[in-house]
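Here is a short walk through one protein model, written for someone who would like to follow along at the screen. Please keep the sequence and the structure open as you read.

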Amino acid sequence: MVFNGRVNSDFLKLSEYPDSNKPTLINFAATDFETLRDSLIKYIQAVYPLEYQNFTESDLGVMLIELVAYMGSVMSLKADMLAHENYISTAKNRNNVKKLLELLGVRMKGPVSAAANASLTLPVASVYDPVVISPQSRVFTINSPEDGAQVSYTLYKTSNGQIEDINSTATLELFGSESDSQTSTVWSNLVLLEGTLVSQTGVFNDTNTNKFVVLTESPITEKSVNVFIDTNDVAASGAWRQVDNLFTVSGAGENVFEVSYADDFSATVLFGDGVNGMAVPTGATYLITYRVGGGTRGNINNEVINVSITDENNQTAVVENTSVASGGRDAETVDEAKKYGPLIFKTQDRLVTAQDYATFANTFGSTIGATGKAKAVVREAYSSANIIDIYILQVASNLQLQQATVQFKADLLAAIEPKKMLTDEVVIVDGVIRTLDLVVTVRVDRYQLPNEETIKSKVRNLLVSYFNVGNTDFGKPLILADLVRQIITAPEVRFATIDNLDSDVHIDFNEIIQLNNFTINVVGI
């Protein structure tokens, strides 16, 4: 026998890895399946080097290791998700974002109704003054041009550009003195707001100071809740005013209410306690009207509505929308809420900095719920340092902006006045829309060409999402690389080019880019 230089030893059989040292072999940073699997194998190799050595994929032991790694990765993911949902900046779930913002006194906004100017015409002069229209006759239903399903509109009367408060019967009263003609046949002091009108009545029988009413229908559109209280207390009788938060009300005698929304945009009307807002007297009766609907479905063209109604004296009249119905928006998205929620909390219900003014204007809803896009700029001239220019555009839909109406600007100024610094002067300025046409060519594998229409639809949705009103902002340039990066997220697209633009599009601080027309070409490679 020739000695080969090796000495066989079984000393490992006699050694044991100390329990106190085993935690040092644990990889606490392992969270994903692959890392956990490799860490478990390395742990077994270090602690049980002779007891287990078969690490082939078909072995039962490896199967058990992979099952443990699987469960570990699932539990790690859930732990990360739960941790992320505890912070506004990382939360994804809508309900969690809503609850986090409510801790700050900020609520997510519900759907917004489309609005249009309207006229009512009688064939002959009315012998009655006023012409009285019942709540049921104020509502009209047509087919939505967006999806073909039915959509309803409610007729309201305006006075000096403001929607009139409801009366004790929720009827609409048109006086001859308000008519456009001497014969009292045409009234144009009207607006149509998308949504079905709902009336709810009752009596405050409970003796609790904090009274509330649960509204029975949903989803309830923004700024559509009107409250009329009837009681022997003259100070508490009449129409009450909606506020965002009762805790910000400074007067104990203010007739105000708050609307608290649930996840499905059902709502509860909350009244004051005698400290923050007036307390409703026990025994008072109430009439609450509100609209159910909202969203982009209500955006229609001019003169789409042409319906006949009958007033309470059996007179037939024709109601038409004399302008485009615009402004209808779906409920506030999670991204919008995460963007503006912390900024709203930061303002503390007062306007000091330019960012405060911009935040307020971007989250403001007018008396009919209309919203806008805004940018606040402080003038640089030394003598004008306290003048804030707010550049504003009104949201027409999720994809379009329009010039803000005079009424929207007036509502915004009126809302800013009690919150701004006394020395500040606010000027509302129209923003500028820069429309953009695009010609996009996407390259796909040749075998994908039979699916051309499907690919175009996916690319179209990506373009629409990129230019969504929520993603646009004043002064934000169009970076072609970012747009291409968005398009190629479609799994079928290999590459994309913007054919009609040679370089990025830069705009001034008071301008917003808006997508106008676009063409999508599909090429096989």
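## A nonpolar surface patch

L60, M63, L64 and L67 make up a nonpolar patch on the surface, and together they have about 380 Å² of accessible area. Patches are built from residues with over 30% relative accessible area and no salt bridge; nonpolar side chains (Val, Leu, Ile, Met, Phe, Trp, Tyr) are joined within 5 Å, and like charges within 9 Å. Accessible areas come from the Shrake-Rupley method with a 1.4 Å probe, and for residues only the protein chains shown count as cover.

M63 sits in helix α3 (residues 60–84). Helices (H or I, at least four residues) and strands (E, at least two) are DSSP runs, numbered from the N terminus. With a relative accessible area of 40%, M63 is partly exposed; buried means under 20% relative accessible area, exposed over 50%, and partly exposed in between (1.4 Å probe, protein chains only). A reminder about helices helps here: an α-helix has 3.6 residues a turn, so residues three or four places apart point the same way.

## How far to trust the model

This is a predicted model, in which local features need pLDDT of at least 70 and side-chain atom pairs count only at pLDDT 80 or more, while totals for chains, interfaces and linings use all residues. Residues are numbered from 1 along each chain as its sequence is written, and side-chain values use heavy atoms, with hydrogens and water left out.

The pLDDT is the predictor's confidence in each residue, from 0 to 100. For this protein the average pLDDT is 88, and 96% of the residues score at least 70. Among its elements, strand β21 (residues 432–444) has the highest mean pLDDT, 95, and helix α1 (residues 11–14) the lowest, 50.

## Helix α6 and its covering

Is helix α6 enclosed or open? It is largely enclosed by the rest of the structure, because 8 of its 10 residues are buried. Those buried residues are D356, Y357, A358, T359, F360, A361, N362 and T363. Their cover includes α5 (334–347), β17 (372–378), β18 (387–395), α7 (406–416) and β20 (425–430).

T363 is a good residue to click on in α6 (residues 354–363). T363 counts as buried because its relative accessibility is 14%. A polar atom of the T363 side chain lies 2.8 Å from the backbone oxygen of T359. Setting aside neighbours within four places in sequence, T363 is in contact (heavy atoms within 4.5 Å) with K109, Y340 and I344.

## Salt bridges

Side chains of opposite charge can pair when their charged atoms come close. Here a salt bridge is a side-chain nitrogen of Lys or Arg within 4 Å of a carboxyl oxygen of Asp or Glu, and the count by this rule comes to 20. One of them joins D356 and R350, with the closest N and O atoms 3.5 Å apart. D356 is buried, at a relative accessible area of 4%, whereas R350 is partly exposed, at 34%.

E511 and R434 meet through their side chains in another salt bridge (2.6 Å, N to O). E511 lies in strand β23 (residues 511–524) and R434 in strand β21, so this pair ties together parts that are 77 residues apart in sequence. E511 counts as buried at 7% relative accessibility, and R434 as partly exposed at 42%.

A further bridge links E492 with K458, whose closest N and O atoms are 2.6 Å apart. E492 is in the loop between α9 (480–487) and β22 (493–498), and K458 is in helix α8 (residues 452–466), so the pair ties together parts that are 34 residues apart in sequence. E492 is buried at 15%, and K458 is partly exposed at 34%. Elsewhere, salt bridges that share partners join R37, D38 and E66 into one network.

## Two more residues to look up

P342 lies in helix α5 and is partly exposed, with 34% relative accessibility. P342 and V106 are 236 residues apart along the chain, yet 8.5 Å separates their C-alpha atoms. Not counting residues up to four places away in sequence, P342 touches I88 and A337.

A252 is placed in the loop between β11 (238–243) and β12 (256–261), and it is partly exposed at 38%. The C-alpha atoms of A252 and G277 are separated by 4.6 Å, with their positions 25 residues apart along the chain. Beyond its neighbours within four places in sequence, A252 is in contact with G274, V275, G277 and M278.

Key. A polar contact is a pair of N or O atoms within 3.5 Å; within protein, one must be able to donate a hydrogen and the other to accept it, and residues adjacent in sequence count only if both atoms are side-chain atoms.
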